[in-house]
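Work through the exercises below with the sequence and coordinates open. Try each task before reading its solution.

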Number of protein chains: 4
Amino acid sequence: MLVALDLQHRKVWLVAAQLALVLGGDGTLLSAARAVAHEGVPILAVNLGSLGFLTEVPLSEMYTTLEAIDGCDCPTEQRALLDCTLFRNGNKVAQHFALNDAVISKSAIARLLDFDLLIDGVFVFNCKADGVIIATPTGSTAYSLAAGGPVLMPSVTSFVVTPVCPHSLTHRPLVVTDKATIELKVGTSDEEAYLSIDGQVGVPVKQGDHLTCHRASHTVKLLRTKKTFFNVLRTKLKWGQR
Amino acid sequence: MLVALDLQHRKVWLVAAQLALVLGGDGTLLSAARAVAHEGVPILAVNLGSLGFLTEVPLSEMYTTLEAIDGCDCPTEQRALLDCTLFRNGNKVAQHFALNDAVISKSAIARLLDFDLLIDGVFVFNCKADGVIIATPTGSTAYSLAAGGPVLMPSVTSFVVTPVCPHSLTHRPLVVTDKATIELKVGTSDEEAYLSIDGQVGVPVKQGDHLTCHRASHTVKLLRTKKTFFNVLRTKLKWGQR
Amino acid sequence: MLVALDLQHRKVWLVAAQLALVLGGDGTLLSAARAVAHEGVPILAVNLGSLGFLTEVPLSEMYTTLEAIDGCDCPTEQRALLDCTLFRNGNKVAQHFALNDAVISKSAIARLLDFDLLIDGVFVFNCKADGVIIATPTGSTAYSLAAGGPVLMPSVTSFVVTPVCPHSLTHRPLVVTDKATIELKVGTSDEEAYLSIDGQVGVPVKQGDHLTCHRASHTVKLLRTKKTFFNVLRTKLKWGQR
Amino acid sequence: MLVALDLQHRKVWLVAAQLALVLGGDGTLLSAARAVAHEGVPILAVNLGSLGFLTEVPLSEMYTTLEAIDGCDCPTEQRALLDCTLFRNGNKVAQHFALNDAVISKSAIARLLDFDLLIDGVFVFNCKADGVIIATPTGSTAYSLAAGGPVLMPSVTSFVVTPVCPHSLTHRPLVVTDKATIELKVGTSDEEAYLSIDGQVGVPVKQGDHLTCHRASHTVKLLRTKKTFFNVLRTKLKWGQR
């Protein structure tokens, strides 16, 4: 068993052969998931903060949940990851996995960014906007939702491309099959821009950079307990009860 | 070869073993597709009206297109259909295939309708709204788009459930895998309501009725020519050019 | 003192020289307001149903509120009314006052309606949509909000024109000064359409009809008690608390 | 006559007693307007770039327009300005006039900002978002529109407060009378944030800062030629033609 204590970031990871126990909020889970997903270890997320979309077990139920899991063949839910690579002048400058989303956005005082979107190498549209979000189903209830995107059920095998404050009124979120490669080309611009991964990793982006995203070959495995996805939607988003 | 002339509805169908030639607008294609899809015959849609999403060949190119198709092994694009059944008191009262969408909506002078949405029998939310749209990827650029829904690429294996003018501000379009069964229960209400299929077939709906939709076992096969889906999006929706 | 009992519609009105006491929900207040507003009598709305935007006093506080009002010079809030006239072939076919909104909408099985919007006789836009809402600030939190419109504070001297599911993606709610005359011309169409006033009065609309709306010369006077407009917004719309 | 050449920013200003001639795009007009508005000089904006909302005269018509204006009593359109002051620990740290908007936004790699909105000192809501826009009617067709705000006709005596990507789904643009004082309090946060004025002036904002906006006592006077506001809307936003 491996115990990792990351005190500086107030994260505690307990990585074992059987499961990874993540204590924290959705943010903690996102960074933990990126770190351990490739090991194939299922994750149990215990919520120390306010209700999260991903961290469903409250601290008070941690021990009973661990006991229930121990020795049983608990169901896990597979969540897709985006494999994101940033290219500059043909060279790879950054590579990250995202459980929620990859976002290119302008800095606060910059003006509009200019993007081309390509799907499997085919030009889709040019967009002037504050930014563009490429989100997984897991991330569809995070930043993409705030930018006007739809909710994707976790079992949906698609990603969603959601422009942030597009200059043209006709742009709409675009749902793309997860078999496709999604590419963003950052147009000629003097503006400051950043790529962020799950709202956590920030990489400066320069004009002419290409971001390429496709479905990662591995997934994040979340241990499922009693709550369904829709329970969480109703509680978090206040979707109507009967 | 079978030639069907439906003069009353100003539609001309020419159904052959090799292909079905549909002359008209998107509306004509929708009704033709529902009629011939189960035969597995590919459809070539020739546009007699304004530019449609589905009817891509202009009349002036009909003969050259037909000659190009003849004898060749042209690519066809498979479009999913919704198999929609309306139940009342346990009895089936209507059954239709939809290429675009199934919509339950209130009449003009009625007040809000009340719906429960269930996915694979699991309760998702209750919604008070003017109506609810269940759309295929093909239909995602039609009424669902006007109601605030996302665009689904034709290759996406999902449907989208889009509420129309929901009373609660938290409802959002929901993208659902096409392996699921989507069910709408019309709540207790004295209001007049209708089920419409592709905006064409109207069936009165009564309180307590259930609408069940799942992916049909057959598809609509559209003969593909030069234009891509994204060309049409850019032309119809004025999505940005580079 | 005049007591009016409208048992068929489950409304009880108690109209006195000093004030009109309306017992019911927002719907009851809307019809009462249209009926008594021209008398200049202030209205106290007591809420018998679920929390309303307009009916702020709960039944349990009715007597203490009436006692507090009696003899005092209570503040009233003036709410603008729309004076709406429907013309056909140059003839007036209907005239109504609206506290919330005037809406022209298609019937459930009709296709898109076609409208021209004119402000003070100047052509603004043509719109194909399910309908168009012309709302007062009071009505901005009702149907217009569900259709994507903004919230107008009660003190705003404007109306808002909100298309319902417009076919073109570029249409947006338009805020118009209440000094202007707003005119809707229903385009050539075989479709069934209705004008509704505050969601209550339904008038059939034919192609070529003109709806003209301007601010009525009288207002609705609501007796104000402790709750502010923003308290109600936070409670009803779940706008964030500090 | 005063001729001001600002070569560094590629702006040319020609300020005379009779009128200020601004040559450039909307951005040039915005900075010129803030600079000369308090002089009460009417502005004629000649468009050197792509079609703007504000710069309606094309270069080819500059001389004929100037001749037509000379000696005539041309109509001018008054546009409201926001008088914006940023306070820190009770001290004024910046004061600017805005013709379009005042925006507080997070930097690209920051997380959500936390705001309180107050109208005339009364708490309206708390909002977690990428930013908040306070826009004039002139600015309602700029950034606020991209963030989902309504269009305000120039004659509307209101401002609009539009959250940018609010975390809660229930927030909506709020139209506020221009007689009110609008106040934003930036909540406790370690995040980087900036105040920008008309997308041009950037002022760092710290937690606890207050931004106060009210209608300026002077206006911007735009010389009106033939084009109406709605002509521009139809051309720029592609609002429907008849």
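The exercises cover symmetry, the interface and strand pairing.

This is a predicted model, in which local features need pLDDT of at least 70, side-chain atom pairs count only at pLDDT 80 or more, and totals for chains, interfaces and linings use all residues. Residues are numbered from 1 along each chain as its sequence is written, chains are lettered from A and ligands numbered from 1 in the order in which they are written, and side-chain values use heavy atoms, with hydrogens and water left out.

**Exercise 1. Find the operation that superposes chain A on chain B.**

Step 1. Superpose by least squares on the C-alpha atoms of residues with pLDDT of at least 70 in both copies.

Step 2. Read the operation. Chain A lands on chain B after a rotation of 180 degrees, with 0.0 Å of shift along the axis and an RMSD of 0.0 Å. The two copies are therefore related as by a two-fold rotation axis.

Step 3. Locate the axis. In chain A, the C-alpha nearest to it belongs to A:P150, at 3.3 Å.

**Exercise 2. Describe the contact between chain A and chain B.**

Step 1. Count residues in contact (heavy atoms within 4.5 Å). Chain A gives 35 residues and chain B gives 35 residues. Of the interface residues of chain A, 100% are also interface residues in chain B, so the copies meet through the same surface.

Step 2. Take the buried area (accessible area, 1.4 Å probe, lost by two parts on being put together, summed over both). It is about 3,100 Å², and carbon and sulfur atoms give 60% of it.

Step 3. Count polar contacts (N or O atoms within 3.5 Å; within protein, one must be able to donate a hydrogen and the other to accept it, and residues adjacent in sequence count only if both atoms are side-chain atoms). There are 17 residue pairs in polar contact between the chains, both residues at pLDDT 80 or more.

**Exercise 3. Identify how β14(A) pairs with a strand of chain B.**

Step 1. Fix the terms. Strands are DSSP runs (E, at least two residues), numbered from the N terminus. Two strands pair if DSSP finds at least two bridges between them.

Step 2. Find the partner. β14(A) pairs with β12 of chain B (residues 151-152), in the parallel sense, over two bridges. A:L174 has B:V151 as its bridge partner.

**Exercise 4. Analyse the hairpin of β16(A) and β17(A).**

Step 1. Assign the sense. β16 (residues 193-197) and β17 (residues 201-205) of chain A pair antiparallel over five bridges. A:S196 stands opposite A:G202.

Step 2. Inspect the turn. Three residues lie between the strands, and A:D198 takes a positive phi near 55 degrees.

Terms used: Helices (H or I, at least four residues) and strands (E, at least two) are DSSP runs, numbered from the N terminus.
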